[in-house]
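Here are a few notes to read alongside the model. Keep the picture open and click on the residues as we go.

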There are 2 protein chains.
Amino acid sequence: MRKVEEFMKRHGLEVGDLVRVVKREGDERITFEGLVMPPYELSPGETLTIKLDNGYNVGVLIDAIEGVEILEKAVEKPKMEFKEVLPRKEGLPNVRILGTGGTIASRIDYKTGAVHPAFTAEELAKAVPEIFEMANVTPELIMNILSEDMKPAYWARIAEEVAKALNGGEDGVVIAHGTDTMAYTASALSFMLRNLTKPVVLVGAQRSSDRPSSDAAMNLTCAVRMATSDVAEVMVVMHGETSDTYCLAHRGTKVRKMHTSRRDAFRSINDVPIARIWPKGGIEFLRSDYRRRSEGEVIADTKIEEKVAILKIYPGISGELLDFLVDKGYKGVVIEGTGLGHVPQDFIPHVQRAVEEGVAVCVTSQCLYGRVNLNVYSNGRKLLKAGAIPCEDMLPETAYVKLMWVLGHTRELSEVRKMMLTNYAGEITPYTRYDTFLR
Amino acid sequence: MRKVEEFMKRHGLEVGDLVRVVKREGDERITFEGLVMPPYELSPGETLTIKLDNGYNVGVLIDAIEGVEILEKAVEKPKMEFKEVLPRKEGLPNVRILGTGGTIASRIDYKTGAVHPAFTAEELAKAVPEIFEMANVTPELIMNILSEDMKPAYWARIAEEVAKALNGGEDGVVIAHGTDTMAYTASALSFMLRNLTKPVVLVGAQRSSDRPSSDAAMNLTCAVRMATSDVAEVMVVMHGETSDTYCLAHRGTKVRKMHTSRRDAFRSINDVPIARIWPKGGIEFLRSDYRRRSEGEVIADTKIEEKVAILKIYPGISGELLDFLVDKGYKGVVIEGTGLGHVPQDFIPHVQRAVEEGVAVCVTSQCLYGRVNLNVYSNGRKLLKAGAIPCEDMLPETAYVKLMWVLGHTRELSEVRKMMLTNYAGEITPYTRYDTFLR
């Protein structure tokens, strides 16, 4: 038995206990208060690890500990079978929470300090009791992956689970999802869920739920509230500011993760969020042109063509990259052009060749904000003539997902063009509001 | 003769005249005021095209015109030979304006309505007489291309022209550049111009200079002012707001075009702009940690490796794209990962293979804002282990340009890593200021 294990046993310490430890350091005495962490598996076991209130871990050498006091025993999470202890209440809406993995359903791996997916959807729901007062919540873990591992094939599975839940009597669905690719999945569901008659809310967390600064609980609370609302759209609900003031509900096709780590990383691009959600109650609508809740069967139209790629344009890009995709049998390519949607002049013949071989080439802008316009400059007009499809003010990521979905329905380029320019789920705004830039 | 030509002749109208046109529409009369545009060459010629003050063109059916009045004749721009009329004034700083093309040096092709590069740098300078009061301005057209056609090889040429001008007695250099790839060029010059002792300012326009709403004149005025300042850095100077209030000077390695069309499209990412420039006079510094003007020879260190690519990560991306680049002899790849800099787990072996074959793989984030961190999640740690180089809070575009430059100096991967993580031109901030998100 390692020294730390022996020490914990002797003092009756368990992982999760809140303790006060007094450490000798020369003539001084230092006091730490925090939670007992499990000993690192690979450490020599000479130290007791304490998680301080500020989130940092400190390792205290066992031999230097003069005293230890348990302030509060680790609380065993009540093992409630909530379906029994929380029977469906009359008058409350029914919300299904589908777990897919990600930080919102993850905990720190104390072996390595890294974050791993771990919580089941049930544990997650139990950690946020508020939501049980808003709705009859049924959590269900349908997959458990980090969102960077999300694949187009999984989108179809999620869409089918959502449709099944909504058609089976749920009033709304919440999807717990990793934040990295949450916007891609939100886009995919926006196109795949046809005749959507109830809310579908994707939610994530930028800090895992066992960290003091976690945004998981508030985001989930707001997500469940939005899932009981009148908005029959696919939305992303995340923090609106870094502090715990409110969440925003973004339209699934117009949202993007704009920061690697901030809690308010998700932003509506070229569009206004649908609503502000106050965690203590209340939805403040920021627009009125959303799809309303209605009756009718939700259809999961999940056919997609996976041979699609995104190609970002930069000075020096070689046309051989596009040629390679064509040669490899890709059926569609979304170009992230510069400015209004441009590519270098010597790239245009490669676009023309792709189109001639039946590959759909769609044009978006790496600026992200604003609208492509291939009519202003001569290279743009040449690109149009080569057969490229300008994607209005669609995000590159949204155009990518949409193109996969469109190509799952037709391979006829004129029909692809028509569908890409048809507004299926708010992905194209007729004009871009001035107040949506960097908002 | 087409109807419109006959109509213009009959009323003495010339292209560029400011007119008031009264149109009959049923029982109503509608009045338009604006500039007479040349008839589209391919149109049937049944309409007179008027450019309204808001920038839009309206076509008025000739047969419906009840009256037309010339408010102001088109003014011929005075043909001044400024080198003669404006001899070098004692006490004024000397500024070279290098023209490279782009909207700031372009005019509308009235045959097609498209914008073509046309103005010489001389014409450009004549259009903005204010700058001759601030400096002894010498314009020089060194190339004339649309910025989407800018190539890495041209960066070296520009850098050499800049060094030549600065070492030849100019006190600052302004580079008129198309906006599409201006940020890439700014990055390139930031790395290539070593021992920079004087200001180098890139400037562009989002609206061509013969449009009423053009930002060309004010941007150029502010750029020349900045070129006479104490800041010995490569900067981008563009509108700070959509109205003509002030311009911002952005550090060349931290700036990005964030909107396809707005005049205030350029933004500092993860950093604060260096200064606000008021067009009527005055520079308001927003930070003090900039490189100061000094003595000494500027060195154009222009060696780059052009076989570098940017690869954006998205759900469903195939590792074959990276394999292709390795097989094609690329020496470096900048990955735009998701979130903190992630790639899918099944992509990691392809990164490992690339590194094993001596290809430098650098990691940035498609979020754009924030800092990559590959230590938080398990896939990130695996990516690090595979040999990827995390690029802190560098923009993907900056990392791309920097990697080209670094690979021009060494192919030793450990040295590449060291150089990529060395801060050469403000491209890495030690910590990211809270107030720089979506600013």
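1. One term before we start: a salt bridge here is a side-chain nitrogen of Lys or Arg within 4 Å of a carboxyl oxygen of Asp or Glu. Remember too that we're looking at a predicted model. With that rule, 10 salt bridges turn up across the interface of chain A and chain B. One to click on is Lys328(A) with Glu320(B), where the closest N and O atoms are 3.7 Å apart.

2. Which parts of chain A supply at least two residues each to the side that touches chain B? The helices are helix 5 (152-167), helix 8 (320-327), helix 10 (378-385) and helix 11 (396-407). The strands are strand 8 (115-117), strand 15 (255-257) and strand 20 (308-312). Sorted by class, this side of chain A holds 32 nonpolar, 20 polar and 19 charged residues.

3. How big is the interface, then? People often quote the accessible area lost when the parts come together. For chain A and chain B that buried area is about 6000 Å², and carbon and sulfur atoms give 55% of it. Each chain puts 71 residues into the contact. There are also 37 residue pairs in polar contact between the two chains, counting pairs with both residues at pLDDT 80 or more.

4. Helix 5 of chain A is a nice one for a quick ruler check. It has 16 residues, so at 1.5 Å a residue it should span 22 Å, and its end C-alpha atoms are 23 Å apart, which agrees. Its buried residues include Trp155(A), Ile158(A), Glu161(A) and Leu166(A). After the helix comes Gly169(A), with a positive phi near 110°.

5. Stay by that helix and look at Glu170(A), which pairs with Arg96(A) in a salt bridge, the closest N and O atoms being 2.9 Å apart. Arg96(A) sits in strand 6 (residues 94-99) and Glu170(A) in the loop between helix 5 and strand 10 (172-176), so the pair ties together parts of chain A that are 74 residues apart in sequence. Glu170(A) is buried, at a relative accessible area of 3%.

6. Are the partners in the Arg267(A) and Asp264(A) salt bridge buried or exposed? Their side chains meet at 2.9 Å, N to O. Arg267(A) is buried because its relative accessible area is 13%, under the 20% cut-off. Asp264(A) is buried as well, at 3%.

7. Now hop over to chain B, where Glu161(B) and Lys164(B) form a salt bridge at 3.5 Å, N to O. Both lie in helix 5 (residues 152-167) of chain B, 3 residues apart, about one turn of the helix. An α-helix has 3.6 residues a turn, so residues three or four places apart point the same way. Glu161(B) counts as buried at 18% relative accessibility, while Lys164(B) counts as exposed at 55%.

8. Last stop: what does Lys257(A), in strand 15 of chain A, touch? Leaving out residues up to four places away in sequence, its contacts include Thr179(A), Phe266(A) and, from the other chain, Gly339(B) and Cys367(B). Its side chain also makes polar contacts with the side chains of Asp180(A) at 3.2 Å and Gln206(A) at 3.3 Å. Lys257(A) counts as buried, at 7% relative accessibility.

Note on methods:
Residues numbered from 1 in each chain as written. Chains lettered and ligands numbered in written order. Predicted model: local features only at pLDDT ≥ 70, side-chain atom pairs only at ≥ 80, totals over all residues. Heavy atoms only, no water. Contact = heavy atoms within 4.5 Å. Buried area = accessible area lost by both parts, 1.4 Å probe. Polar contact = N/O pair within 3.5 Å; in protein donor to acceptor, adjacent residues only side chain to side chain. Helix = DSSP H or I, 4+ residues; strand = E, 2+ residues; numbered from the N terminus. Nonpolar A, V, L, I, M, F, W, Y, C, P; charged D, E, K, R; others polar. Expected span 1.5 Å × (residues − 1). Buried < 20%, exposed > 50% of the residue type's maximum accessible area, 1.4 Å probe, protein only.
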